[in-house]
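Subject: Structure handover

Hi,

Here is the structure I promised to pass on to you. Please have it open while you read, as the notes after it refer to individual residues.

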Amino acid sequence: MDAQIQRILDSATNCIKIECDTLNGLFSVINEEFAQGILALHRCKGRIIVTGIGKSAIIAQKIVATLNSTGTLALFMHAADAIHGDLGMVTKADIIICISKSGETPEIKALLPLVKNLGSSLHGIVSNPNSSLAKNADHVYYTPVPREAEPNNLAPTASTTAQLAMGDAIAVSLLALKGFSPENFAHFHPGGSLGKQLYLKVSDIYTKNQKPEVYSHDSLQSVILEMTKKRLGSTAVISQEGELIGMITDGDLRRMLDHDTLHLSGLRAEDIMTKNPKSVEATEMALTAFQILKENAITQLPVIQAKKYMGMIHLHDLIQEGFI
């Protein structure tokens, strides 16, 4: 193998190994002290304000996004901006989480007495338990980092990975205390495909399609005309009472034509249809319809409500909604 390629592979695997080792080291610090900090955050009557400097500030922004998306009100405040006016956004009821590997950067040290003067509670995500941040914080989320993954042990790599994981652990712990449900998740993510899977119902989709249907005694010509007119590649077969009793697809028509002995002029819908086809209730989640389509390798699914045929949902509808 080329020496340059080998150097790249060795560097990449060593980086990942160091970061994995760092994450494994966090297991030992998820303890009662961590839990007490989470309980304090859970009891917070104000907002959780996350701050940091440099790369830690970027991690702080991600943690804020995760907290907000899982039902915990959070704001980002850059540590440098905090000591130049942004501290005015903080109230006594808020809790400030300060992120710093060393806990000794000038901006962080300048911020500490100001937070105390406001009467706000201070929490620290910090790798140095003897730092100014750790000593002044009401709760410390100790985040040990033996070394950075970068060869010179300088660029934030393993430390920011550990900070991010600790932030996720905080957010998920708060989520568990709140009893955050899939419905809550959908409420905060209405525009994403994940959110749609949790709130979008079959009834929100099938009404946009045409409603192909024939009666069991209808002729083959009527079946073909209905399928052609409605352009869904299938039609439901219904009883006089409007109940779904069968389904005919393009594939059914092709298979029918393979039978040389059939007299096409006398065929009726009931002679071609698949009896008791797969279907989905209009009140079901769209995700359920998608799973039925996927498990049965089909592309159309009749929609029913109290046995009555309501319409058709197509795989393409779900693709357009981001289910794939």
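Below is what turned up, taken topic by topic. Please keep in mind that this is a predicted model.

Pockets first, since you will probably want to look there. The largest pocket has a volume of about 230 Å³. Its lining is made up of 15 residues, and those nearest the centre are I53, S56, K101, T105 and P156. Three elements, α3 (55–69), β3 (95–100) and α7 (158–178), each give at least two residues to that lining. The largest share comes from α7, with 3 residues. As for chemistry, the lining of the largest pocket splits into 8 polar, 4 nonpolar and 3 charged residues.

The second largest pocket comes to about 190 Å³. Its lining consists of M247, T249, D252, R255, T274, P277, K278, N296, I298, T299, Q300 and P302. Two or more of these residues come from each of β8 (244–249), α11 (250–257) and β11 (300–305). By type, the lining of the second largest pocket holds 5 polar, 4 nonpolar and 3 charged residues.

Next, the aromatic rings. The count of aromatic pairs is 1. The partners are F34 and Y141, in an edge-to-face arrangement with 5.8 Å from centre to centre and 75° between the planes. F34 sits in helix α2 (residues 32–42) and Y141 in strand β5 (residues 139–142), so the pair ties together parts of the chain that are 107 residues apart in sequence. Are the two partners buried or exposed? F34 has a relative accessible area of 6%, which is under the 20% cut-off, so F34 counts as buried. Y141 is buried as well, at 1%.

Helix α10 (residues 220–230) is a good one to view end-on. Its buried residues are L220, V223, E226, M227 and K230. Looking down the axis of α10, these buried residues fall within an arc of 130°, so they line one face of the helix. In general, an α-helix has 3.6 residues a turn, so residues three or four places apart point the same way. On the face of α10 turned away from the buried side you will find the exposed residues Q221, L225, T228 and K229. What do the buried residues of α10 pack against? Their partners are β6 (213–215), β7, β8, α11 and α12 (269–272). Just after α10, R231 adopts a positive phi of about 60°.

Two of the elements that α10 packs against, β7 and β8, are also joined by a loop that contains S239. S239 is buried, with a relative accessible area of 13%. Setting aside neighbours within four places in sequence, S239 makes contact with Y215 and I245.

One last residue is P151, which belongs to the loop between β5 and α7. P151 has a relative accessibility of 73%, and since the cut-off for exposed is over 50%, P151 counts as exposed. Between P151 and E321 there are 45 Å in space, C-alpha to C-alpha, and the two are 170 residues apart in sequence.

If you would like a place to begin, try the two pockets and then turn to α10.

Best wishes

Conventions:
Residues numbered from 1 in each chain as written. Predicted model: local features only at pLDDT ≥ 70, side-chain atom pairs only at ≥ 80, totals over all residues. Heavy atoms only, no water. 1 Å grid on protein atoms, 1.4 Å probe; cavity = no way out; pocket = protein on both sides within 12 Å on 5 of 7 lines; lining within 4 Å. Points joined across faces, edges and corners; volume = space filled by probe spheres on them. Helix = DSSP H or I, 4+ residues; strand = E, 2+ residues; numbered from the N terminus. Nonpolar A, V, L, I, M, F, W, Y, C, P; charged D, E, K, R; others polar. Phe/Tyr/Trp six-rings, centres within 6.5 Å; stacked < 30°, edge-to-face > 60°. Buried < 20%, exposed > 50% of the residue type's maximum accessible area, 1.4 Å probe, protein only. Contact = heavy atoms within 4.5 Å. Arc of directions from axis to C-beta.
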